[in-house]
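Please read the following report beside the sequence and the model, going from one element to the next.

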Amino acid sequence: MALTLQARRVVTKGTFKRYQKAPKKEKTKMLNEYVALTGYTRHHASWVLRTWSNRKPPKRTRLRPRIYDRKVFEALRKVWIVCDCICGKRLAPYLKEIVPVLIAHNELEVDTETRQKLVRISAATIDRLLAPERAKYLLKPRSRAGPALMNRIPVKTFSQWDRTRPGDVQVDLVEHNGGDPRGEYACTLVITDVYSGWTELAGVRNKAQVWVHEALKCKLKEVPFPLKGLHSDGGKEFINDHLERYCEKEGITFTHSRPYKKNDNFCVEQKNGNVVRRAVGYGRHSGEREVSMLNRLYESLRLYVNYFQPMMKLAEKSRTGSKVSKRYDEAKTPYRRLLEYTEVSPGLKELLNRRYGALNPAELKREITRYQQELFTYSSRRRGIRKPEMDKTLLSGRI
């Protein structure tokens with residue numbers, strides 16, 4: 001174990017004279033022992049023993065007496081707390097006014113010398129003396145999605161997506177604030193597979209990491225294929241240590257999109273409008289009861305979208321002058337796209353076929369309409385808004 005700096009100096013003082021007078025063989029033996037004791041490299045140890053006698057003793061710094069002693073610190077701390085822990089630049093000029101006031105109300109007891117020091121103390125000295133106390137009062141940051149975390153998670157752009165296999169999903173949050181971001185409001189977590197378009201939905205209480213992370217873990221388990229990658233925007237509800245550790249534990253590649261580049265998250269952004277807004281609208285929803293209503297609606301909606309809503313994917317895009325031509329493939333449901341993928345296991349195909357055979361699309365549509373009616377009625381009643389008219393044919397069961 002290496003010695004402390006003070007112990008190294010003691011060893012050096014007792015060794016360097018003998019080392020300088022010793023013959024070469026003795027120097028080698030002494031140098032070996034010195035290196036083992038001090039932990040120095042051999043080159044540095046040799047240099048220390050050769051030059052120790054030529055070194056000048058270090059200059060002793062002048063020990064100034066402490067001006068602002070413990071009494072000043074205790075008094076300053078009391079004044080600082082009364083003044084709501086403001087910074088030194090604000091507190092220093094204000095001490096001339098606040099110290100006599102506190103003394104007059106018997107809130108501060110100081111002698112004349114301490115009072116004079118308090119009045120003339122500088123802002124820099126105030127910050128230096130109160131630095132340990134300020135650290136105790138610092139609040140825990142709301143999120144650690146700082147530059148270091150953002151740099152650890154790689155960026156994935158629109159052109160880097162592999163659209164030939166299932167397993168790479170995009171996630172996003174849809175806010176139900178009714179155009180007013182103040183207060184608490186519910187959100188919808190949307191998970192979409194890039195290849196098949198398979199979509200999972202979950203209502204969450206708000207954008208807090210705890211609710212989003214809990215819903216995300218639950219819904220990722222319901223995805224019927226193994227996950228390979230997870231992609232989100234730069235929101236702190238996703239870019240956090242909890243989701244990063246979860247992806248590392250499950251062996252999932254975690255990436256995020258560029259700021260203000262919604263095209264990097266193109267699949268899930270489409271589902272935000274075509275699925276969530278189409279089913280729920282743009283109204284405001286909040287509270288546990290409405291979140292529960294949203295989740296009941298989404299249980300039927302996810303089955304309806306994944307098994308009975310065909311979608312087209314862009315197959316080719318060309319430009320001729322200013323004209324852009326797009327060609328799409330045949331419209332297929334996410335269920336059919338998974339069945340056509342060659343690497344999907346027979347067990348998964350059998351499970352999907354069994355679920356598909358047990359579903360009635362007309363009944364699912366009636367359930368969705370009924371849940372929408374309950375949600376809009378409850379939300380309108382809470383806010384005193386006239387409830388929207390729903391198609392009675394859908395509610396009657398005749399489609």
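The report turns to a sheet, the helices on it, and one further helix.

This is a predicted model, in which local features need pLDDT of at least 70 and side-chain atom pairs count only at pLDDT 80 or more, while totals for chains, interfaces and linings use all residues. Residues are numbered from 1 along each chain as its sequence is written, and side-chain values use heavy atoms, with hydrogens and water left out.

Five strands (DSSP runs of E, at least two residues, numbered from the N terminus) form an open sheet with mixed pairing in the order E3-E2-E1-E4-E5, where pairing requires at least two bridges found by DSSP. Because E3 (199–204) and E5 (253–256) stand at the edges with a single partner strand each, one side of each is left without a neighbour in the sheet. Strands E1 (residues 168–175) and E4 (residues 229–232) pair in the parallel sense over three bridges, and Gln 170 stands opposite His 231 in E4.

Two helices (DSSP runs of H or I, at least four residues) are listed with their contacts (heavy atoms within 4.5 Å) and their angles, which run from 0 to 180 degrees between N-to-C directions of axes fitted to C-alpha atoms, for helices over the stretch in contact.

| Helix | Strands | Angle to E3 |
|---|---|---|
| H10 (residues 209–220) | lies across E1, E2, E3 and E4 | about 150° |
| H13 (residues 288–308) | touches E2 and E3 | about 175° |

In helix H6 (residues 95–104), Leu 95, Ile 98, Val 99 and Leu 102 are buried, meaning under 20% relative accessible area, with exposed meaning over 50% and partly exposed in between (1.4 Å probe, protein chains only). The face of H6 turned away from its buried side carries the exposed residues Lys 96, Glu 97 and Ala 104.
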